[in-house]
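Open the model in your viewer and keep the sequence panel beside it. The tour below goes from one selection to the next.

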Amino acid sequence: MDIGIKAIGGYEEVGKNMTAVRVGDEMVIFDMGLHLDRVQIHEETQTERMHSLDLIDIGAIPDDTILNSFNGDVVGIVCSHGHLDHVGAISKLAHRYDAPIIATPFTAEIIKKEIRSEVKFKVDNPVYELEAGQHYLLSPDIELEFIRTQHSIPDCVLPVIHTPKGAVLYGLDFKLDRRPVLGEETDVKRLKELSDENVVAAIVDSTNVMDEGKTPSESIAREMVWDTLHEAENEDVGVFVTTFSSHIARIKSIIEAAEEMDRRPVLLGRSMERYTGTAEEMGIVSLPDNVGIYGTPQGRDQILRKIKKEGRENYLIICTGHQGEPGATLTRLADGTLPLKINEKDHVVFSAKVIPNPLTRANRYSLETKLKMQGARLFKEVHVSGHGSKQDNYDLIDMVQPDHIIPAHGDLNMNSAYAELAESMGYCFSEDVHILRNGQELVLG
């Protein structure tokens, strides 16, 4: 029985993550994600009516046709967390496989909503919930384990499959946060125990490996948010904050700051409603009674008219658009196409990092230029990442001690930087640290 690591998506780019691990004549698929910028996809974009083949052609979802030649059984589709670059293609691809979808409860609920909104395909795969710390027997030879970690979305895990040949760790995405704002810290104790259980391979997150040092805790971001927002505490100006709608911990901090400032927090955008509403329904976060969430265009326009009438100084607006995406709420506010416009001296806070690709950088530059021309005060990089930096990745490898390392979730520069880190720890390029391209398979005897 050999083990094969099939790189399907996310090995040449940040996005459309998908990896298949073959164990003999059985296979486990990890994640099915979107490449968020290929068709200007962002948290507000609807892809429900787009065909999978069209999305594959433009590089927006993984090209899983490389699995057509596999004659064995796919025993599970395993999802590490609920970000679109990890689960956004499930509604387009999962129906091709006679296998259950397995995810943590919050991720499972996000997946179910994606499936329900799908128009082109009927996805009948059962969706099973597995808590962090639990195990699930996928087949007599493959057992799945979820190890708790922190990221920029609730209920994130590092999946591990245990096989007769040893364990395979799927290490996307994670951070070693000792003081999280929401949820528990990464289960470092269990990760250290894996080193005694023969980890034959670790698929690891190269996104931030070129950033020196360690990624700060989300509690640091909380202080940054509070400090920045209180700049406007005694000013009669509008305050607009944009962040990832799935970053519930960050949204929680922003809402708490609004309460301190005696402003009513208002969340605008379909994805804000989907993620924050789901988190509240599941008891992951408790929101004050005065929080307004408006996901439909009609609801958004109505509350913006009310804010214009009652005075923007009484509200704190949390909205989509941190990457400058066309059609997102902040972009439309900057374009002047909504009932409320950006005024001179209004505060606009970007609590998100620009996703590192040329199109996103161009969109963000365009948005910032428009806001500056209207006299807004911009506060950028009020943020800490959800991805581990160089030293976090060093610690992960040191804890797990895998036989082989496969960098993913990045372009060639990022993956090469991870290979350099691995070499500094005693690994040897092409022998036990491997750079794959989409479509390639690494076979481990």
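**Stop 1: a pair of strands**

Select Phe-146, which stands opposite Pro-159 in strand 9. This is a predicted model, where local features need pLDDT of at least 70 and side-chain atom pairs count only at pLDDT 80 or more, while totals for chains, interfaces and linings use all residues. Residues are numbered from 1 along each chain as its sequence is written, and side-chain values use heavy atoms, with hydrogens and water left out.

Now select residues 142-148 and 157-163: strand 8 and strand 9 pair in the antiparallel sense over 6 bridges. Strands are DSSP runs of E of at least two residues, helices are runs of H or I of at least four, and both are numbered from the N terminus. Two strands pair if DSSP finds at least two bridges between them.

**Stop 2: the sheet**

Widen the selection to the open sheet, where 6 strands lie in the order 7-8-9-10-11-18 with mixed pairing. Strand 7 (135-139) and strand 18 (404-408) are the edge strands, each pairing on one side only.

**Stop 3: two helices on the sheet**

Add residues 390-400, helix 12, which packs on the sheet and touches strand 10 (166-171), strand 11 (199-205) and strand 18. Contact means heavy atoms within 4.5 Å. The direction of helix 12 makes about 170 degrees with that of strand 11. Next comes helix 13 (residues 412-424), which packs on the sheet against strand 11 and strand 18, at about 155 degrees to the direction of strand 18. Axes are lines fitted to C-alpha atoms, for helices over the stretch in contact, and angles run from 0 to 180 degrees between N-to-C directions.
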